Each structure stands twice: as C-alpha cells, then as structure tokens.
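Hi everyone, thanks for making time. I'd like to walk you through one chain today, a few spots at a time, so let's get it up on the screen.

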Amino acid sequence: FQRLSLHQMRAFSRRMDVRTTDIASQFMQRQVPLRLAALSRGLQHDHGLSQLNLAPARRLADICLANAQLITNLHHETASSSPLSFHGRLVSRLQSLKHDLDTEVESIMQAAHQRTNKADEDASLSHAMDSLHTHIIALRVLIGQHQHAYTSSHPDEAGSLPIAESLARDPPIHPSASLRQLATWGAEDTHAFCIEKNGQAPEVHVQGDATIMCVPSHVHFMLVELVKNAMQATLNHDTVHPSSRGLDAIIIHISRPEGSSQC
C-alpha cells in the first residue's frame, strides 16, 4: 500500500472540492482495505500474538476482513439505503471501523496482560504489540484526516455524521503545533498523576519553543510517558540520595535546527 507523510495528507485535504473529494474517496476505498488486509495477516501469523491464541485478536482479524469487503463494495450500495452520498457513507463506515479498532485493541492488551508471564513471551508479545499499534495509528490518522477534510468542506452532510463536531474541534493533523504548549500540558497532566500516586512530584520547567506538524494527541501521549519516566527516576533517586533542597526539577528544553522554522 502507498505510504503518505503528514505533509502529504494535510496538503491534499486542505481544499476539498468535488474533484478532490472523488479522488480522496477513491484513494481511501483502495488503500484502507489493503491496510486492513495487512493488519489481519499480521494478527493471524505474528508469533507473539498467534501463540497466545487470543480471542480479541481473532475478532479483530475478522473485523478487518469484513470491513475491507464492506468498504470495497460500498459503491454498489443503493442510494436509497442511506440519506448520505457515497462519500458520506464512506466517512460513516470509516468511523465505525475506527471505533471497532479501538475497542478490540484495548481488549487484546487486557487479554495479553492476563495470559503472559514469561520473559521470552513478554519480548515476543511486546514486538507484536508495537507492530499492531503502528498499523492502528497509521489507519487512525489516515481515516481521521479524511473525515476532518470531508466534514469541514461538506456542511450539508456533516450534521448527519456523529463525528463532525469532535473533528471540527480537534483536527487530526495540526500544521504548526507549539511544542512548548504540548509539553506544558503533558507536564501538568503527569504532575497531577504523580502527586496522586506518590504524594509528591518534581516540578517541570519547559524552556524554548518550536512548532511542528504533528498529530497533537500522539505527541501529548509520548511527552506524558517521557515525563512520567523522568518523574519516577527522580523520585527513586531522591529515595536513595535524599537532598535537603528537595526534589530536583525536570527541565524540558526545546530547540530547533539552525535555519529551520520547525524542530
């Protein structure tokens, strides 16, 4: 299947007219089934997941194949079966798919955690889960950007789609998100979590700024994980080597390459 960068996805979907809507929908109708088929194969043959024989993994493989068939055959549905156009029905189908993916991946994670307790299984499963999440993230970003572009440029049908409001409020790809703002939000969330868990937390100072084209929710998640690890390491160090000054602060320094407007 064709690989796309965030720049390519956003540039193409920036202005959706009749022609680009047709091209985008045709692209999605070709590419999403291919990606679903690849995901289904991985779920059935990846050693880390198949050896555990997880029911949610089998369900997700079946969901992928069923949706690949549904999306491929969407053109053959009669117009009377839905008040939406073909493009609207495609967006609605993609939303249902995204919900099913999220639900089953969560079930896979819970089932895998309960089933495995050996070091070799953990390593194999960790690799399999990384591969699974990579497929899911790529699908969600591709679907989300298409949904956002379509609902933004087709207000006549957007009201019939339950995703319209959330997509307008939080578009998948931000053209120039502030890393300082994202880091600050991530630090605030992690600080509150750390205090709730440990009764104390080191302060976090964010220095510098830069903009980046990204999926903000993904960057926020990564920053939370990084700061969470840094906070735990700081608390562990303070337990072994307590200081009269209290906990050391965590400093996040943001910079950009020389001559670049983005980091």
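Let's start with Ser 40, which sits in helix α2, residues 18–45. Helices here are DSSP runs of H or I with at least four residues, strands are E runs of at least two, and both are numbered from the N terminus. Ser 40 has 1% relative accessibility, so it counts as buried. For the record, buried is under 20% relative accessible area, exposed is over 50%, and partly exposed is in between, with a 1.4 Å probe and protein chains only. Setting aside residues up to four places away in sequence, Ser 40 touches Ala 61, Cys 64 and Leu 65, where contact means heavy atoms within 4.5 Å.

Quick housekeeping. This is a predicted model, so local features need pLDDT of at least 70 and side-chain atom pairs count only at pLDDT 80 or more, while totals for chains, interfaces and linings use all residues. Residues are numbered from 1 along each chain as its sequence is written, and side-chain values use heavy atoms, with hydrogens and water left out.

Now the overall layout. There are 10 helices and 4 strands in the chain, and in sequence order they run α-α-α-α-α-α-α-α-β-α-β-β-α-β. Of the 263 residues, 41% are buried. Among contacts with a separation of 6 or more, 79% are between residues 24 or more positions apart.

Next stop, Asp 100 in helix α5. Is Asp 100 buried or exposed? Neither, really: its relative accessibility is 25%, so Asp 100 counts as partly exposed. Beyond its neighbours within four places in sequence, Asp 100 contacts Ile 63 and Asn 67. Its C-alpha atom is also 8.0 Å from that of Leu 60, 40 residues away along the chain.

Over to the strands. Look at β2: Val 204 and Val 206 point to one face and are buried, whereas His 205 and Gln 207 point to the other and are not. β2 pairs with β4 in the parallel sense, over 4 bridges; pairing here takes at least two DSSP bridges between the strands. One of the partners to look for is Ile 251 in β4, bridged to His 205.

Val 206 comes up again with Ala 183, which lies in helix α9. Ala 183 is buried because its relative accessibility is 2%. Leaving out neighbours within four places, Ala 183 contacts Val 206, Leu 223, Ile 252 and Ile 254.

Leu 223 takes us to α10, where the buried residues include Leu 223, Val 227 and Met 231. The buried residues of α10 pack against β1, α9, β2, β3 and β4. What span should the 25 residues of α10 cover? At 1.5 Å a residue it should be 36 Å, and the end C-alpha atoms are 36 Å apart, so the two agree. The expected span is 1.5 Å times one less than the number of residues.

Last, the largest pocket. It has 14 lining residues, with His 133, Ile 136, Ile 137, His 218 and Phe 221 nearest its centre. α5, α6 and α10 each supply at least two residues of that lining, and α6 gives the largest share, 6 residues. A pocket, on a 1 Å grid over the protein atoms alone, is an open set of points where a 1.4 Å probe fits, with protein on both sides within 12 Å along at least five of seven lines, and lining residues have an atom within 4 Å of a point.
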